[in-house]
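Please read the following report alongside the sequence and the coordinates. The headings follow the topics in turn, from charged contacts to strands and surface patches.

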Amino acid sequence: MAILGIAQQTGELLSGPDLLSRGFLPSNEGVDFTAAKEAVCVALNELPQESRTDTGVVKEQVRLSLRRYFRRTFGRRPVVLPFVMEM
């Protein structure tokens, strides 16, 4: 699960992304998702400014970037549920 907050008017990332994992890895204690968070931030920065205010586009970009990251890093394809809050 990826939780993030964006500015309603500008699409700027205000909080997050916070990543929660359940049942993805046998032992997720000590697993640091810093690189996964960076992958999300990079993907959002690549979006055009007008697309950042559309929550549907932002959710899809977050979902795709995290699935791509986890497939390359861990060889798994988890279900990613993005929650985008407009502030």
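## A charged pair within helix H2

Glu60 and Arg63 both belong to helix H2 and are three residues apart, which is about one turn of the helix. In this predicted model, the two side chains form a salt bridge in which the closest N and O atoms are 2.7 Å apart. A search of the whole structure finds one salt bridge.

How accessible are the two partners, Glu60 and Arg63? Glu60 counts as partly exposed, with a relative accessibility of 35%, and Arg63 is likewise partly exposed, its relative accessible area being 26%. Both values fall in the class between the cut-offs, since a residue is called buried under 20% relative accessible area and exposed over 50%.

## The positive patch

Which residues form the positive surface patch? Its members are Arg68, Arg71, Arg72 and Arg77. Arg72 is placed in helix H2, which spans residues 55-74, whereas Arg77 lies in the loop between H2 and S3.

Arg72 has a relative accessible area of 65% and is therefore exposed, and Arg77, with a relative accessible area of 64%, is exposed as well. For Arg77 there is also a distance to a residue elsewhere in the sequence: Ala43 is 34 residues away along the chain, and the C-alpha atoms of Arg77 and Ala43 are 18 Å apart in space.

## Strands S1, S2 and S3

Strand S1, residues 2-6, pairs with strand S2, residues 13-19, in the antiparallel sense, and four bridges connect the two. Within this pairing, Ala2 stands opposite Leu19 of S2, while Ile6 has Leu13 in S2 as its bridge partner. The hairpin of S1 and S2 has six residues between the strands, and in this hairpin Gly11 takes a positive phi near 80 degrees.

S1 also pairs with strand S3, residues 82-86, here in the parallel sense and over five bridges. Ala2 takes part in this second pairing too, with Pro82 as its bridge partner in S3. Is S1 mostly buried or exposed? Four of the five residues of S1 are buried, so this strand is largely enclosed by the rest of the structure.

## A cis peptide bond in S2

Which residues does the cis peptide bond join? The bond lies between Gly16 and Pro17, and its omega is about 5 degrees. Pro17 has its place in strand S2, which is the strand that pairs with S1 in the antiparallel sense.

## The nonpolar surface patch

Met1, Leu20, Val79, Leu81 and Phe83 form a nonpolar patch on the surface, and together these residues have about 480 Å² of accessible area. Leu20 is found in the loop between S2 and helix H1, the helix of residues 34-45, and Phe83 is placed in strand S3.

Why does Leu20 count as partly exposed? Leu20 has a relative accessible area of 42% and is thus between the limits for buried, under 20%, and exposed, over 50%. Phe83 is also partly exposed, with a relative accessible area of 43%. Beyond its part in the patch, Phe83 can be related to Val58, which is 25 residues away along the chain, with the C-alpha atoms of the two separated by 9.6 Å.

## Further pairs across the sequence

Met85 is another residue placed in strand S3, and it is partly exposed, with a relative accessible area of 41%. Met85 and Thr55 are 30 residues apart in sequence, and their C-alpha atoms are 8.3 Å apart in space.

Ala35 has its place in helix H1 and counts as partly exposed at 41% relative accessibility. Its distance to Tyr69 gives a further reference point, as the two residues are 34 residues apart along the chain and their C-alpha atoms are separated by 8.6 Å.

How values were computed:
Residues are numbered from 1 along each chain as its sequence is written. This is a predicted model: local features need pLDDT of at least 70, side-chain atom pairs count only at pLDDT 80 or more; totals for chains, interfaces and linings use all residues. Side-chain values use heavy atoms; hydrogens and water are left out. Patches are made of residues with over 30% relative accessible area and no salt bridge: like charges are joined within 9 Å, nonpolar side chains (Val, Leu, Ile, Met, Phe, Trp, Tyr) within 5 Å. Accessible areas come from the Shrake-Rupley method with a 1.4 Å probe; for residues, only the protein chains shown count as cover. A salt bridge is a side-chain nitrogen of Lys or Arg within 4 Å of a carboxyl oxygen of Asp or Glu. Lys and Arg count as positive and Asp and Glu as negative; His and the chain ends are not counted. The place of a charge is taken as NZ of Lys, CZ of Arg, CG of Asp or CD of Glu. Buried means under 20% relative accessible area, exposed over 50%, partly exposed in between (1.4 Å probe, protein chains only). Two strands pair if DSSP finds at least two bridges between them.
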